[in-house]
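This report goes through one protein chain step by step. Please look at the sequence and the structure before reading on.

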Amino acid sequence: MRIVGTSRAGADDASVNPQEAWVRGRVLDAMLPSPVTVPRGVSRLTHLQRNALDDARMVEVARRLNTPGNTSGAT
């Protein structure tokens with residue numbers, strides 16, 4: 001086995017400031033399973049209609065991820 005690089009690879013990317021680490025953790029937490037529901041079951045939709053629903057769902061997820069509470073550190 002050959003190890004390439006150092007054992008600290010990527011360790012410098014992490015923030016050492018506790019406030020920045022907390023904010024980053026909040027953003028990562030927001031990426032966990034979203035409360036935005038995905039309809040279950042069978043739907044008879046055209047390709048364009050299904051894409052429009054997917055786009056709307058992804059916009060809602062992006063809104064939740066980019067709320068001021070996720071970037072300012074406020075709860």
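Buried residues account for 7% of the 75 residues in the chain. The model is predicted. The surface that the chain exposes comes to about 6700 Å², and carbon and sulfur atoms supply 57% of that area.

**Confidence**

The mean pLDDT of the chain is 76, and 69% of the residues reach 70 or more. Among the elements of the chain, α2 has the highest mean pLDDT, at 88, while helix α3 (residues 68-72) has the lowest, at 59.

**Helices**

How many helices and how many strands does the chain have? There are 3 helices and 0 strands. Along the sequence, this gives the pattern α-α-α.

Helix α1 covers residues 18-30, which is 13 residues. At 1.5 Å a residue, helix α1 should span 18 Å. The C-alpha atoms at its ends are 18 Å apart, so the expected span and the model agree.

At the start of α1 there is a contact between a side chain and the backbone: a side-chain oxygen of N17 lies within 3.0 Å of the backbone nitrogen of Q19.

**Salt bridges**

The structure contains 2 salt bridges. Side chains of opposite charge can pair when their charged atoms come close. The table lists both pairs with the distance between their closest N and O atoms.

| Salt bridge | Closest N and O atoms |
|---|---|
| D54 and R50 | 3.6 Å |
| E60 and R63 | 3.8 Å |

Where do D54 and R50 sit relative to each other? They are 4 residues apart in helix α2 (residues 47-65), so about one helical turn separates them. E60 and R63 are 3 residues apart in helix α2, and they too are separated by about one helical turn. An α-helix has 3.6 residues a turn, so residues three or four places apart point the same way.

Are the residues of these pairs buried or exposed? In the pair of D54 and R50, D54 has a relative accessible area of 24% and is partly exposed. R50 is also partly exposed, with a relative accessible area of 33%. In the pair of E60 and R63, E60 has 26% relative accessibility and therefore counts as partly exposed. R63 has 53% relative accessibility, so R63 counts as exposed; the cut-off for exposed is over 50%.

Technical notes
Residues numbered from 1 in each chain as written. Predicted model: local features only at pLDDT ≥ 70, side-chain atom pairs only at ≥ 80, totals over all residues. Heavy atoms only, no water. Helix = DSSP H or I, 4+ residues; strand = E, 2+ residues; numbered from the N terminus. Expected span 1.5 Å × (residues − 1). Polar contact = N/O pair within 3.5 Å; in protein donor to acceptor, adjacent residues only side chain to side chain. Salt bridge = Lys/Arg side-chain N within 4 Å of Asp/Glu carboxyl O. Buried < 20%, exposed > 50% of the residue type's maximum accessible area, 1.4 Å probe, protein only. Areas by Shrake-Rupley, 256 points an atom, 1.4 Å probe, with all protein chains shown as cover. pLDDT = per-residue confidence, 0-100.
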